[in-house]
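Morning, everyone. Please have a look at the structure on the screen, and then we'll go through the ligand site and the aromatic pairs.

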Amino acid sequence: MRIVSCKDYAEMSRVAGNLMAAEIIKNPSCVLGLATGSTPIGAYEHLVELYKSGDISFKDVKTYNLDEYRGLAHDHDQSYHYFMNENLFKHVDIDMKNTHVPDGSNPDAEAACAEYDKMVEEAGGVALQLLGIGNNGHIGFNEPGSVFVGPTHCVDLTESTIVANSRLFERIEDVPRQAYTMGIKTIMSAKRVVIVANGEAKAEAVKAMIEGPIDPMCQASILQLHPDVVVVCDEAALSLCSSVK
Ligand code: F6R
């Protein structure tokens with residue numbers, strides 16, 4: 001794992017956005033794996049700036065998002081379809097046909113998940129996967145548990161994730177209890193992984209990811225086995241890591 005310690009959120013966002021931009025410059029028709037949540041918003045803003053200044057184009061880029069709540073329509077303002085449109089897609093020249101998010105509106109979980117894996121595979125896999133990390137160490141919505149699950153699958157969200165994500169909903173009862181998420185196999189198959197985290201609330205999870213044992217109770221710890229992971233964090237998120245100066 002390569003650890004990049006940034007002084008604040010702005011620097012973290014610039015570094016992560018630049019790594020993604022570099023991938024697009026290297027291969028203008030690359031396949032990017034994308035994340036939602038609060039953490040990557042700054043990186044998306046940086047990518048939009050780079051697009052507006054003419055440094056990059058998304059014309060031929062393909063994207064596959066990590067996850068989506070089960071049961072939300074694509075235009076629901078808390079759906080990850082909506083999030084991606086608002087935070088990235090509608091600001092750049094991406095062809096919406098090249099953007100993909102698991103279909104949370106399909107109640108047939110098995111079909112929706114199998115179809116998603118097939119699409120990622122047919123696209124040739126992910127070149128660069130952007131990840132955030134949950135307070136409980138989840139990546140995508142792969143929640144702490146007794147195993148690492150390979151394929152895209154339907155998960156029951158843990159109480160800690162429901163509580164963490166309720167900040168974006170009017171009432172905690174409105175947070176969906178299930179989601180479709182890329183599994184660990186697709187994430188680990190990406191050629192490069194960039195994981196972002198900021199703030200003290202993520203410090204325990206970041207320590208477990210970098211310095212803990214490889215343990216499905218911290219799903220992000222599996223990334224220790226990936227050959228090309230860049231961990232981009234602010235100082236607060238790295239504050240409990242004794243191995244990071
Ligand atoms: C989002 C996702 C989640 C988030 C994680 C952190 O697509 O897969 O794993 O990255 O929950 O969320 P934030 O950034 O809101 O703290």
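Which atom of Ser38 lies 2.8 Å from an oxygen atom of the ligand, backbone or side chain? A backbone one: an N or O atom of the Ser38 main chain. Keep in mind that this is a predicted model.

Stay with the ligand oxygens. In the side chain of Thr39, an N or O atom is 2.4 Å from a ligand oxygen. For Lys202, again through a side-chain N or O atom, the distance to an oxygen of the ligand is 2.6 Å. On its own, the ligand has 410 Å² of accessible area, and the protein covers 92% of that.

Now, the surroundings. The ligand sits in the largest pocket. Around it are 14 residues. Thr39, Asp67, His138, Gly140 and Lys202 come nearest. Sorted by class, the shell holds eight polar, three charged and three nonpolar residues.

Next, the aromatics. Across the whole structure, the search turns up five aromatic pairs. Take Tyr69 and Tyr80. Their ring centres are 5.0 Å apart and their planes meet at 45°, so this pair counts as tilted. Where do the two sit? Tyr69 is in strand β4, residues 67-69, and Tyr80 is in helix α3, residues 80-87. The pair therefore ties together parts that are 11 residues apart in sequence.

That's my tour. Over to you.

Notes
Residues numbered from 1 in each chain as written. Predicted model: local features only at pLDDT ≥ 70, side-chain atom pairs only at ≥ 80, totals over all residues. Heavy atoms only, no water. Near = heavy atom within 4 Å. Polar contact = N/O pair within 3.5 Å; in protein donor to acceptor, adjacent residues only side chain to side chain. Areas by Shrake-Rupley, 256 points an atom, 1.4 Å probe, with all protein chains shown as cover. 1 Å grid on protein atoms, 1.4 Å probe; cavity = no way out; pocket = protein on both sides within 12 Å on 5 of 7 lines; lining within 4 Å. Sits in = over half its atoms within 2 Å of the grid points. Nonpolar A, V, L, I, M, F, W, Y, C, P; charged D, E, K, R; others polar. Phe/Tyr/Trp six-rings, centres within 6.5 Å; stacked < 30°, edge-to-face > 60°. Helix = DSSP H or I, 4+ residues; strand = E, 2+ residues; numbered from the N terminus.
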